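Trainee: I'm new to this one. Can we walk through it together?

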Amino acid sequence: MNNNNKLILDGYRIEKGHLTEEEKKIDNHSCRLFTGHTTALAALQQKILKDLNTGGVSVCHIDEFKKPAMQENFERLRAYFIRFRDAPNTEEVIQQKRKSITTWSTQKGFEINATHYLGRHLDLGDDVPEFFLDDELLTIAGHYLEGAPKAFHFNSWVHVTPPTTASRINSMRWHRDPEALRVFKIFVAAKEITPEQGPTQYIRGSHAKGKYSHLQEYRITNRYPPDGYIEKHVDSDDIVSVVGPPGTIAFIDTYGFHRGGYLQIGERHQAQGVFLKPNVLQLPKWQKQRIKLNIDHPSYHRLSPLAQYAANEEF
């Protein structure tokens, strides 16, 4: 068996409850921590969790949480995107990518991310991780993943319109994420996203619990189904497009089929936080790919215990 496929299947094994003794210890600790640091779900959180369990996706707006601290974090995230977009190196990269069909067709030519802007991955103090490390959001993640979640990745993107000759490539195409049978992602729009601005799209019911779970399970060799495959096998009403004003939030289990970033006009400004079960994240393949956050940064010590656990490297 291909080693990559074996590591991915290890993630599936854990999700199905076939744990080593060490994995059981990690899971028990995660559950105890989550139980000790969460409160009852508010009505909105209950709705989001119900949507996730039944369809793998839920969309709302930050204003619906009615939490001033979350709104303040979002305003800082929007300010980050203004700095990101206005940075000279961002505009330079955009112009280079728009001119090069070769770059577009062989790489993620449509995407300018945090590493283009900062020269490194996002970290505490950049105002993006802090938005996602909010107890309101972590509580939803923990209930869905059945224990205190671990942060896997944070990113911020400016997506741009392609050359007129470009077709969908990479994550613009329908695909499942490989880490586990539950991959908890939160997407937040920093500016309005319309149907023409490459919204994230999701096949409701394609998560592991859903009616489309049988459609082309993930493997390294066939990550992207043939063009037209998804549309042929799913009801058009089950294709969810995440559009809306700034502050639109999508909670998505990206083991289910999703795609995004194929713009016809304008730009898409969006941030993402990704969370996994701790005993999945401890697998070497995902540990290697995980963003390492600077827990010596002052903002770490302002995080809640649940958020500190999500951010640090201890299991």
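Mentor: Sure. A quick term before we start: strands are DSSP runs marked E, at least two residues long, and they are numbered from the N terminus. Keep in mind that this is a predicted model.

Trainee: Which strand gives the largest share of the lining of the largest cavity?
Mentor: The structure holds one cavity of 30 Å³ or more, with about 50 Å³ of space in the largest cavity. Among its lining residues are Phe187, Val188 and Ala189. The largest share of the lining, three residues, comes from residues 184-189, which is strand E4.

Trainee: How many charged residues does that lining have?
Mentor: The lining also includes Ile193, Val242, Thr248 and Gln270. By class, six lining residues are nonpolar and three are polar, and the number of charged ones is none: no charged residues.

Trainee: On H2, do the buried residues sit on the same side or on opposite sides?
Mentor: Helix H2 spans residues 21-36. Its buried residues are Glu23, Ile26, Asp27, Ser30, Leu33 and Phe34. They cover an arc of only 130 degrees around the axis, so they lie on the same side of H2.

Trainee: And which residues are exposed on the other side of H2?
Mentor: Here, exposed means over 50% relative accessible area. On H2's other side, the exposed ones are Glu21, Lys25, Arg32, Thr35 and Gly36.

Trainee: Last one: which residue in E8 stands opposite Gln201?
Mentor: The open sheet of three strands runs in the order E6-E5-E8. Strand E5, residues 201-203, is antiparallel to E8 and joined to it by two bridges. Opposite Gln201 in E8 you'll find Arg259.

Terms used: Residues numbered from 1 in each chain as written. Predicted model: local features only at pLDDT ≥ 70, side-chain atom pairs only at ≥ 80, totals over all residues. Heavy atoms only, no water. Pairing = 2+ DSSP bridges. Helix = DSSP H or I, 4+ residues; strand = E, 2+ residues; numbered from the N terminus. 1 Å grid on protein atoms, 1.4 Å probe; cavity = no way out; pocket = protein on both sides within 12 Å on 5 of 7 lines; lining within 4 Å. Points joined across faces, edges and corners; volume = space filled by probe spheres on them. Nonpolar A, V, L, I, M, F, W, Y, C, P; charged D, E, K, R; others polar. Expected span 1.5 Å × (residues − 1). Buried < 20%, exposed > 50% of the residue type's maximum accessible area, 1.4 Å probe, protein only. Arc of directions from axis to C-beta.
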